[in-house]
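Reader: Hey, got a minute to walk me through this one? I'd like the overall picture, then a few residues.

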Amino acid sequence: MTTRRLPREDLTAALAARRELGPDYDAAFIETVVDRIEEVLDAGAAASPAPRRRPRAPRTSEAGDHSLLLAVLSLLAAIPLSAIAVVNAGGLGLSLAWAGIVMINVAYGLRSRRP
């Protein structure tokens with residue numbers, strides 16, 4: 001598809017006329033150039049077909065699927081929770097902290113699969 005361009009000569013002539021007329025005619029010059037650009041754009045828009053829209057992917061639920069977000073946040077929370085659990089309760093604390101994180105993720109996963 002070829003796009004119609006403003007002829008360089010037209011713009012050069014309009015700019016030369018603007019220089020000769022002086023700053024008193026700036027508004028008229030701008031209006032003329034804008035009108036010419038709009039004509040070219042309108043002609044191009046009329047010649048090109050309307051853009052096609054892409055179909056949207058179906059959502060898994062009304063609120064969207066946040067399982068990846070939950071997994072990332074769980075891993076981020078696991079770092080300080082693990083450190084706190086090990087310092088205060090040792091291996092048992094670490095096991096309880098990770099069991100809690102795993103149970104939250106499993107519960108969310110089971111809840112989000114219900115129709």
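Reader: So how many helices and strands does the chain have?
Author: This is a predicted model, and its chain has 3 helices and 0 strands. Along the sequence the pattern reads α-α-α.

Reader: And what share of the residues is buried?
Author: Buried residues make up 10% of the 115 in the chain.

Reader: What about the exposed surface, how much area are we talking about?
Author: The chain exposes about 10100 Å², and carbon and sulfur atoms supply 63% of that.

Reader: Any nonpolar patch on the surface? Which residues form it?
Author: L68, L69, V72, L73 and L76 form one, with about 490 Å² of accessible area together.

Reader: Take L73 from that patch. Where is it?
Author: L73 sits in helix α3. Its relative accessibility is 48%, so L73 counts as partly exposed, because the exposed class needs over 50%.

Reader: Ok, switching to charge. Which residues gather in the patch of negative charge?
Author: That surface patch brings together E31, D35, E38 and D42. E38 belongs to helix α2, which covers residues 26–47.

Reader: How accessible is E38, then?
Author: E38 has 41% relative accessibility, so it counts as partly exposed.

Reader: Now S82. Which helix is it in?
Author: S82 is in helix α3, residues 67–112.

Reader: Buried or exposed?
Author: S82 is buried. The value for S82 is 14% relative accessibility, and the buried class is anything under 20%.

Reader: What is S82 in contact with, leaving aside its neighbours within four places in sequence?
Author: With those neighbours set aside, S82 is in contact with L94 and W98.

Reader: Speaking of contacts, what percentage of those with a separation of 6 or more comes from residues 24 or more positions apart?
Author: Residues 24 or more positions apart account for 52% of that set.

Reader: Last one, R19. Where does it lie, and is it buried or exposed?
Author: R19 lies in helix α1, which runs over residues 8–21. R19 has a relative accessible area of 61%, so it is exposed.

Reader: And what separates the C-alpha atoms of R19 and F29?
Author: A distance of 10.0 Å, with R19 and F29 being 10 residues apart along the chain.

Reader: Nice. Can you put S82 and R19 side by side for my notes?
Author: Sure: S82 in helix α3 is buried at 14%, whereas R19 in helix α1 is exposed at 61%.

Key: Residues numbered from 1 in each chain as written. Predicted model: local features only at pLDDT ≥ 70, side-chain atom pairs only at ≥ 80, totals over all residues. Heavy atoms only, no water. Helix = DSSP H or I, 4+ residues; strand = E, 2+ residues; numbered from the N terminus. Buried < 20%, exposed > 50% of the residue type's maximum accessible area, 1.4 Å probe, protein only. Contact = heavy atoms within 4.5 Å. Patch = residues over 30% accessible without salt bridge, like charges linked within 9 Å, V, L, I, M, F, W, Y side chains within 5 Å. Areas by Shrake-Rupley, 256 points an atom, 1.4 Å probe, with all protein chains shown as cover. Salt bridge = Lys/Arg side-chain N within 4 Å of Asp/Glu carboxyl O. Lys, Arg positive; Asp, Glu negative; His and termini not counted. Charge placed at Lys NZ, Arg CZ, Asp CG, Glu CD.
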